[in-house]
Amino acid sequence: MTRVLYLIACAAGPAECVDEAVRQAQGRGWDTCLVLTPSAARWWEPRLGELEQLTGDRVRSQYKLPGEADALPKADAMLVAPLSCTSLNEWGAGIADTLALGLVSEGVHLGVPVVAMPYFNQAQAAQPAVARSIADLRAQGVVYLDGEADGYASHPPKQGNPTAFPWHLALTAVEAAAGSRS
Ligand SMILES: Cc1cc2nc3c(=O)[nH]c(=O)nc-3n(C[C@H](O)[C@H](O)[C@H](O)COP(=O)(O)O)c2cc1C
């Protein structure tokens with residue numbers, strides 16, 4: 001049976017090529033639902049139709065209204081990529097004011113494998129809150145991919161290369177996390 005992946009993208013550089021990530025996930029056999037933060041959805045606003053076509057109308061960025069049915073099928077795994085510095089710190093602090101953060105905050109405590117790959121520069125990474133948030137997420141069971149060995153290390157300011165974001169390594173980590181629990 002096809003497994004469902006929630007690919008959750010924040011407004012960090014690689015979000016501009018999240019369509020590539022959807023294609024890679026689909027190519028690896030995942031039924032892929034795309035969740036964008038409201039900021040990332042703004043970036044895609046002019047081309048949202050492309051993402052809807054690619055996912056079979058499974059793109060969301062807002063919480064549903066009370067009484068509305070669940071918009072997406074149940075997730076077998078969740079991948080937050082790219083995770084922005086802002087969303088990392090909100091998530092670490094238990095703030096879930098976007099659908100994206102609400103899904104993963106609860107998901108990890110419902111037993112869903114949750115993997116996160118960040119994308120922010122070394123100046124952002126130097127904030128003390130970042131290390132605290134990473135430790136808090138890992139303590140909850142989130143697979144937080146950090147550093148060259150895991151596929152992505154923070155870049156010097158103004159030297160990022162969003163098109164080189166290693167989506168394939170993030171997906172490999174999802175498969176390892178999901179496989180180990182299936
Ligand atoms: C053009 C542009 C590029 C940005 N790139 C990044 C980035 O690569 N990493 C990051 O953490 N924040 C980046 N930001 C800042 C985030 O978009 C901002 O913190 C936003 O509030 C994140 O919201 P979200 O995590 O809910 O998507 C960028 C902002 C702009 C306008």
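In the predicted model, six strands form an open sheet in the order β3-β2-β1-β4-β5-β6, and the pairing is parallel. The edge positions are taken by β3 (59–60) and β6 (143–144); each has a single partner strand, so one side of each is left without a neighbour in the sheet. The chain as a whole contains eight helices and six strands. Read from the N terminus, these elements follow the pattern β-α-β-α-α-β-β-α-α-β-α-α-β-α.

Strand β1 comprises residues 3–9, and five of its seven residues are buried, so β1 is largely enclosed by the rest of the structure. Seven bridges connect β1 with strand β2 (residues 30–36), and the two run parallel. Within this pairing, A9 has L36 of β2 as its bridge partner. The connection from β1 to β2 passes through helix α1 (residues 18–27), and this β-α-β crossover is right-handed. β1 also pairs with strand β4 (residues 77–83), in the parallel sense and over four bridges. Two positions illustrate the register between β1 and β4: Y6 stands opposite M78, and I8 has V80 as its bridge partner.

On the way to the β6 edge, β4 pairs with β5 in the parallel sense over four bridges. In this pairing L83 stands opposite P118 of β5. Strand β5 consists of residues 114–118, and five of the five are buried, so β5 is largely enclosed by the rest of the structure. In a regular strand the side chains alternate between the two faces of the sheet. In β5, V114, A116 and P118 point one way, while V115 and M117 point the other way, and all are buried. Both directions from β5 therefore lead to buried side-chain positions, the criterion being 20 or more other C-beta atoms within 10 Å of the residue's own. β5 and β6 are paired in the parallel sense over two bridges, and V115 has V143 of β6 as its bridge partner.

The ligand is surrounded by 15 residues, of which the closest are A11, A12, T37, S84 and S87. Helices α2 (38–44) and α4 (85–92) each contribute at least two residues to the shell around the ligand. The largest share, three residues, comes from α4. By residue type, the shell divides into seven nonpolar and eight polar residues, with no charged residue.

A UniProt annotation from an unreviewed entry, "domain: Flavoprotein", covers residues 18–132. The end C-alpha atoms of residues 18–132 lie 27 Å apart, and the span is 44% helix and 18% strand. The start of the annotated range, residue 18, coincides with the start of helix α1 (residues 18–27).

For the overall dimensions, the C-alpha trace of the chain spans about 40 × 35 × 35 Å along its principal axes. A compact globule with 182 residues would have a radius of gyration near 16 Å; the chain has 15 Å, which agrees. Of the 182 residues, 39% count as buried.

Three places in the backbone were examined for their geometry. Most residues other than glycine have a negative phi, and most peptide bonds are trans. The peptide bond from A81 to P82 is cis, with omega near -5°. P82 is located in strand β4, the strand that pairs with β1 and with β5. D57 is a residue other than glycine with a positive phi, near 65°. D57 lies in the loop between α3 (48–55) and β3, and is exposed because 12 other C-beta atoms lie within 10 Å, where the limit for an exposed residue is 12 or fewer. K158 likewise is not a glycine and has a positive phi of about 70°. The loop between β6 and α8 (167–179) holds K158, which is exposed, with 7 other C-beta atoms within 10 Å.

Definitions and conventions
Residues numbered from 1 in each chain as written. Predicted model: local features only at pLDDT ≥ 70, side-chain atom pairs only at ≥ 80, totals over all residues. Pairing = 2+ DSSP bridges. Right-handed = clockwise from strand over helix to strand, strands pointing away. Near = placed C-beta within 6 Å. Nonpolar A, V, L, I, M, F, W, Y, C, P; charged D, E, K, R; others polar. UniProt positions renumbered as here; feature names shortened; annotations may be inferred. Rg over C-alpha atoms; globule rule 2.2 N^0.38 Å.
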